[in-house]
Amino acid sequence: MNFEVKLSVHEILQNKHFAHAKVIAGKVGLFRLVRWVHVLELTSISNLLNGNELILSTGVGWNGDKDALSSLVQQSIDSNAAGLCIELGPYISKIPQEVIELADIHDFPLIVFFKEVRFIDITQEIHSLLIKKHYQILSDLEEYSNRLNQVLLSSNPQQNILQLLHDHLKMTVFYISNQGKVQVISKKTPDEQDKMFQLLKDNKIPSHMNAAHQSVQALNQTFADLFIISESEAITEFESLVLDRSAIALAQSLLRELYIEEQRKAKEVEWVSCWLEGEYSNEQIHRYLSELEPNLEPNGCTVLLCKADNLEKIISEFTYLKVYFRSIFEQRGIFLLSHIQKSQIIFILLNSSKTDDFKRRVQEGIDCLKKSEFIKKQKFSQLEFSAGKFVNNLSHVKNSYHTAKETLNIREKMPNELISYFYEDLYIFRLVLAANEQGVLYEFISDYLGSVLLHDQQNNGELLKTLKIYLQCKGAKKETAEQLHIVRQTLYHRLDKLYELIGRDFMDPYKRQAIEVAISAYEYTSASKTPYEYASIPKSS
């Protein structure tokens, strides 16, 4: 375990070897912490110190040189040494007044021995005390950890862990969940607790108070923040370690509760499956949800599909995966129910907040999942998301499920054309899907693009690409040529051919709209038909 043990200068002065020592300057600095004791007799020491050392010296190095002693004290101060102990004797009989004043200005403890002392005895004993304190801290931490393990098996582990932390450190404890719920363990009155919490919230802890913080994390997510507040001494490294152990125990408790809750909810898989098939009325759905989550007041919902090629490989960890997904969305006011089918996870996202920013919150949740280190560690080959239509009536979730599948289908076929996750952003593709379901899509494509597609196929040409860019550029020839990386003369030749194949009126509003729809439709269906097939479909009369 990597931590440093320190004693204060005041504690060290209680040792028997300091019986004939006196603090002649810097008494205010006796709270300084000592992590090691060094014997130094040189006049240049700044490069030999790391900070918090108690320096022992006989003065042989400067042999009564007042300036050298003053420099030594200044170097010690600049290097954040804990203090300087000088043995009065043959090398130095008196500490100059200006040196005492320098030490007092900086609250730097200056200690003198009036009798000869064995520095080796001091270093050996102080170092032994430091080592003993180190092992005592380890022992105390081990004992505290054992008590935490016992508390984790109790009926109310979270509350009991907070109480144990308070009892052990005698400090005020604040536990603040991501949902804003605050738990306080303190001997303060409720009004004093409220004032302290406000100071903590505003990050305005006064100088007489000291606070330490630790996040409660599980599955690479922060679920809560844990604080301890001391109104007397500074918080020690040991107390920080106790806080850290407590936060880990709280995370373990939280993860276990989430896992048990998720397992319980997993039993509702069949019910969710029937809901997706539209088998329940709005009243039945609300009754069931109120039993599942009494405080839930859903304000509409949508279906989110998550597809992963190797999901079946981590099916044993699916409960933890759902816990993680749930934590992401619940932080954004979205309650989540899930169902798994082969390589696809189906989530019903129930809005528990206002509807006008629901899409933004879903987007944030998806973005968070895509960037998550936890998700990356699951070694998914790829995660694909799609969100269906938002429905106010919960009994219409089947419609949202159907539109989520349509969105995923188009996103998979046309990843470069459709970057949005939402059904409402399909735009013209909604018409393409409807035409495809009615069996008129191929005929429509043939009517407006058949001759162009056939020409490209027979001549290895790029008329379709030219037509698409030309329409996107609203007929601007210079911009079209630049995007196609061709000279304008080449563009003119291609346009002449397009005039010949589809007519000079293809920029007229209605015909242009039809051609743009046909291009989108062709890109959607091009994986399953060849240009020859489109050209061979009889033209509609």
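**Sheet and helices in a predicted model**

Trainee: In what sense do strand 5 and strand 6 pair?

Mentor: This is a predicted model. Strand 5 covers residues 53-57 and strand 6 covers residues 83-87. Ile55 stands opposite Leu84 in strand 6. Across 4 bridges, the sense of the pairing is parallel.

Trainee: Which are the edge strands of the sheet?

Mentor: The sheet is open, has 5 strands and shows mixed pairing. Its order is 2-7-6-5-4. An edge strand pairs on one side only. That picks out strand 2 (21-25) and strand 4 (36-39).

Trainee: By how many degrees are neighbouring strands of this sheet turned against each other on average?

Mentor: Direction is ignored here. The average turn between neighbours is 25 degrees.

Trainee: Which strands does helix 4 touch?

Mentor: Helix 3 (residues 97-105) packs on the sheet at strand 2 and strand 7 (110-113), and its direction makes about 80 degrees with that of strand 2. Helix 4 (residues 119-152) also packs on the sheet, at about 165 degrees to the direction of strand 4. The strands touched by helix 4 are strand 4, strand 5, strand 6 and strand 7.

Trainee: How are helix 15 and helix 16 set to each other?

Mentor: Helix 15 spans residues 441-459 and helix 16 spans residues 463-472. Their axes lie 8 Å apart, at an angle of about 130 degrees. An angle over 115 but not over 145 counts as oblique. The two helices are therefore oblique.

Trainee: How many nonpolar residues are in the contact of helix 15 with helix 16?

Mentor: Helix 15 brings Leu449, Val452, Leu453, His455 and Asp456, while helix 16 brings Leu463, Leu464 and Leu467. By class, 1 residue is polar and 1 is charged. The nonpolar count is 6.

Trainee: How many of the 10 residues of helix 16 are buried?

Mentor: Buried residues there include Thr466, Lys468 and Tyr470. Their cover includes helix 15, helix 17 (477-484), helix 18 and helix 19 (509-525). Helix 16 is largely enclosed by the rest of the structure, because the number of its buried residues is 8.

Trainee: Is Leu501 buried, exposed or partly exposed?

Mentor: Leu501 sits in helix 18 (residues 488-502). Its relative accessible area is 26%. Buried needs under 20% and exposed needs over 50%. So Leu501 is partly exposed.

Trainee: How far apart in space are Leu501 and His455, C-alpha to C-alpha?

Mentor: Leu501 touches Ser451, Val452, His455 and Leu463. In sequence, Leu501 and His455 are 46 residues apart. In space, their C-alpha distance is 8.9 Å.

Conventions:
Residues are numbered from 1 along each chain as its sequence is written. This is a predicted model: local features need pLDDT of at least 70, side-chain atom pairs count only at pLDDT 80 or more; totals for chains, interfaces and linings use all residues. Side-chain values use heavy atoms; hydrogens and water are left out. Axes are lines fitted to C-alpha atoms, for helices over the stretch in contact, and angles run from 0 to 180 degrees between N-to-C directions. Angles under 35 degrees count as roughly parallel, over 145 as roughly antiparallel, 65 to 115 as roughly perpendicular and the rest as oblique. Contact means heavy atoms within 4.5 Å. Ala, Val, Leu, Ile, Met, Phe, Trp, Tyr, Cys and Pro count as nonpolar, Asp, Glu, Lys and Arg as charged, and the others, Gly among them, as polar. Buried means under 20% relative accessible area, exposed over 50%, partly exposed in between (1.4 Å probe, protein chains only). Two strands pair if DSSP finds at least two bridges between them. Lists of a residue's contacts leave out its neighbours within four places in sequence.
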